[in-house]
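Hi,

Here is the structure I promised to pass on. Have a look at it first, and my notes follow underneath.

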Amino acid sequence: MKDTETKKVSGRSLAGSICVFALCYLILIAYFLIVLVIRHKSDWTLFVAENLNAYLSFCVSSFLLYAVVYYYYYFEDRNFLGKAKNVLLIFSVFTVTMIINSLIGIYVNIYMRPTAMLALLFVFLFNRRQAIMLNFVFAILMFVSDFYIAEFTAFDHVNAPYYSLLMSFVCGTFAIFSASNVKTRGGVILTGAIISAPTLLVVFVLKLANSYNAWIEIISSMGFSVFGCFISAVLALAFMPVFELIFNRLTVFRLRELTSTNAPILMRLQKEAPGTFNHSLIVAQIAEMCAIAIGENTELARAAGYYHDVGKLKQPDCFVENQSDYNIHDELTPELSADIIRSHAHDGYDLLMQAHLPEIIADVAREHHGSLPIKFFYNKAMKYSGGDADIRDYSYLGPTPSSKIAAIVMIADPCEAAARTLPDRSPERVERMVRTIIEERMDLDQFADCDITLRELSVIKETIVDALSGVHHHRVKYPSIRINRDHNAVSEDEYNDGSM
């Protein structure tokens, strides 16, 4: 498989992201100026004149730190900067977190500041690697704000900037690694308790070095710091749904909500296309197992499996799993039938985007058939036309999978459907079927746009064989014996009651 190439980002897109970056920076600078005006009221101009160098130093330093974040994404993931909302998300989190920390520092206590809030938000909204880098920048930004504008912290100790730096960096780093595998919102609160341990140690050591004889101050500061850890977790939980909704971000919590059978689209699928719904449940289960096997996001794989065929909601009766005895395609031309069948991929993408689901799930719905031919109707057209049919008229419109999750669903989808038709579901027969499906997609370059490897495809094949052997196993037939109240058998017809 060839690696996915970095897409070119237009100059207009970059210009838009730079404008958003500048706007967020100006909001931060304006906020501190407003606080200065409020605190000094009529004397604020005099205060600015006396401390102009410090304020300008803060402005320049914070600009450089914001620029480092932009610079990081410019070289690490330029496509990310192609969408202005991504830049707005990052710097909105920075700005909101800085404002909350400064307000608590001004009006409550410096140790109660939720210094781990930004780390918790980013580890769920993005990933651990990005969260570590962004938390590092945030820690320095906290240091700079306290160093140059100590007036805003309501904390006169000369070591306040160093307290802010250490607490932000240490608490944030512990929060990132503690929350990496958290799957529930209650787990986030528990993370707040976990990070209180290193926080207590940092505060104790720093306060002891400067106030070794003021035990009441040391203990109270440690108590405030523990409370600040819990505030970090609570505020992260409070703001996370806001950022999820506004910026359509995908977190483990939202994935679990989307894969609940009470999700609106899944309820529609269950009611209007029950055959497709049952098929999707098994595909999701298989996709999840494959994701575990190759180290991909299991929640995302399960969600992609659930939603990959929602485009069939447009015309559910046109798909065989939702039909009974009547097949509408018996009355249609092969061309029209193929057009109906292939449209479900793009219909699914449109439906999911209209419902404001994450684009990555909608992409799987659009890509899970790639540009594969619809062989049944192509073969039918070849018979009707005497061999004069263009296969492109009987193929899906693409694009091909752009992620490993989409590739997994592309394989799991036909394997589950094909397994239902196998009279012999022995592991050998299932393995041959799965291998044929994967090799066909490789021959047709369906994996050319995703970075899946041959080894991962081999692991996926073995996983699907094991999964299908477990899902589609043979049932044991029992004699149909109806037992009455006296425990007497009244019938001896054989039947398969499906209990095994």
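**Salt bridges and a helix pair**

Glu431 is partly exposed, at 22% relative accessible area (buried is under 20%, exposed over 50%, partly exposed in between, with a 1.4 Å probe and protein chains only). Its partner in a salt bridge is Arg435, at 2.6 Å from N to O; the term means a side-chain nitrogen of Lys or Arg within 4 Å of a carboxyl oxygen of Asp or Glu. Arg435 is partly exposed too, at 29%. The two are four residues apart in helix α20, so about one helical turn separates them. Glu431 and Arg435 also belong to a salt-bridge network with Glu439 and Lys461.

A word on the source: this is a predicted model, where local features need pLDDT of at least 70 and side-chain atom pairs count only at pLDDT 80 or more, while totals for chains, interfaces and linings use all residues. Residues are numbered from 1 along each chain as its sequence is written, and side-chain values use heavy atoms, without hydrogens and water.

Helix α20 (residues 427-443) packs with helix α19 (residues 404-421) at about 140°, the axes being 10 Å apart. Helices here are DSSP runs (H or I, at least four residues), numbered from the N terminus; axes are lines fitted to C-alpha atoms over the stretch in contact, with angles from 0 to 180 degrees between N-to-C directions.

In α19, Arg420 forms a salt bridge with Glu416, with the closest N and O atoms 2.7 Å apart. Arg420 is partly exposed at 41%, whereas Glu416 is buried at 0%.

Cheers
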